[in-house]
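Me: I'm new to protein structures and would like to understand the charged and nonpolar side chains in this one. Could you go through it with me?

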Amino acid sequence: MHTLITACLNGVPPEVEAIARDEGLNPHHAAKAVARGRIVIPANPRRPHRLCAIGEGCRVRVNVNVGTSANLCDPDLEVAKGRAALAQGADALMDLSTAGDLEEIRKQLLTLDAPLGTVPIYEAVRRAGSAADIDADTLFSVIRDHCRQGVDFLTLHCGVNREAFDALKLDPRVMGVVSRGGAFHVAMMAATGEENPLYAEYDYLLEILAEYDVVISLGDGMRPGAFVDATRLAKATEYLTLGRLARRALSAGVQRMIEGPGHIPVDQIGYNVQMLKELTEGAPLYLLGPLVTDLAPGYDHVVAAIGGAVACQNGADFLCMVSPSEHLALPRLEDIEEGTRVARIAAHVGDLLRNNTASRNREYRMAEARRSLDWDAQFEAALFGDVARKIHERDGDLDTCSMCGDLCAVKMVRDILTPPSDD
């Protein structure tokens, strides 16, 4: 089976050449990292789009979730959200739609210039009528349809198996299961008494993904959904399973990344990230958050950015945007824009912690621009210069900011330290 991994075992494919230039990597080293499963490039060959490399040596990337729900189904709005997210610096999009014409919604999102991910179990539930009525044939049919349509990466909850379900019952959690995909698989197993088909028939799943060269994102269906559930058994049980599944995927020539770990205290982020990296032989790690407190609804995008920055310091590679409406409502356009900006800031902090040269150079340019009170240069260096410019100009066109005015410390000390001109 010809996949990007097999191509990288025999040379440097064009996709890897392109991402190596973009990331400032040695192309041969990048190809080896793809072959070893340390970098993934979600790029279904059926659809051209801007490439995005995730993993070792790459910049921290940001994904933004969009999608309809039964309570608010406006496909045009979801496409507009996708465009807005990309305009604010998102690197990839994920369609979580559960209502409307799901195939048509994906078709529209696939026209955007970015990798697109999906969660096939959502559509499988709609086709079957309920989670309890899903069978293996329906689930694998949906997965194949998404691959054929051009989706680049799929979240698949293969680690939500009977062992993880038993762990959940043995060591109960306050929030039970908060992953929608994880809950669907638990409901399926509870109704049938059988194993999760994605786990039981994992080799067949890998055959499908290899055929279409689609990245598997091994979903964290047992992630803790509350601060107080962070140390319960189900999460650790799933981690061990994901480690085994990640190794099998790589052996089958399938690119894989790992999702995790949900709501956890800030002091537990480091060892959770490092454990997942160790168990999966350094697979790229994709995080929603982590959310380090449950007490800030309306500001969960900030909570997630705190957790995300710490996670990146310990090796996380891919941050999923959390919006201000997380846990409260389906995000509106302004929620997507604000959440994407905050996630992008966390990713930049992660790049600085990884000693990314381009990011550090940008910080130096900002310092020079601030010293010179060169506002245009500051706005150019800023992550969101248009936002900064609007705030600065609201009090008029000033040489300094309106907080300090003629008492500007930067201007005062700059003038003291600048040698007089010989002219």
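Reply: Happy to help; here are some questions and answers on salt bridges and surface patches.

The model is predicted, so to speak, by computation: local features need pLDDT of at least 70, side-chain atom pairs count only at pLDDT 80 or more, and totals for chains, interfaces and linings use all residues. Residues are numbered from 1 along each chain as its sequence is written, and side-chain values use heavy atoms, with hydrogens and water left out.

Me: How many salt bridges are there?

Reply: Side chains of opposite charge can pair when their charged atoms come close. The rule here asks for a side-chain nitrogen of Lys or Arg within 4 Å of a carboxyl oxygen of Asp or Glu. Counted this way, the number of salt bridges is 27.

Me: How many residues apart in sequence are the parts that Glu-56 and Arg-38 tie together?

Reply: Glu-56 and Arg-38 form a salt bridge, their closest N and O atoms being 2.9 Å apart. Glu-56 sits in the loop between β2 (54–55) and β3 (61–66), and Arg-38 in the loop between α3 (27–35) and β1 (39–40). Helices (H or I, at least four residues) and strands (E, at least two) are DSSP runs, numbered from the N terminus. The pair therefore ties together parts whose separation in sequence is 18 residues.

Me: Is Glu-123 buried or exposed?

Reply: Glu-123 shares a salt bridge with Arg-127 (3.1 Å, N to O). Buried means under 20% relative accessible area, exposed over 50%, and partly exposed in between (1.4 Å probe, protein chains only). At 40%, Arg-127 is partly exposed. Glu-123 has a relative accessible area of 9%, so the word for Glu-123 is buried.

Me: What separates Asp-145 and Arg-148 in helix α7?

Reply: A salt bridge joins Asp-145 and Arg-148, with the closest N and O atoms 3.2 Å apart. Because the two are three residues apart in helix α7, the separation is about one helical turn.

Me: Which residues form the nonpolar patch on the surface?

Reply: Patches take residues with over 30% relative accessible area and no salt bridge, joining like charges within 9 Å and nonpolar side chains (Val, Leu, Ile, Met, Phe, Trp, Tyr) within 5 Å. Met-175, one of the members, is partly exposed at 42%. Together the members have about 450 Å² of accessible area (Shrake-Rupley method, 1.4 Å probe, only the protein chains shown counting as cover). They are Val-174, Met-175, Val-178, Phe-227 and Val-228.
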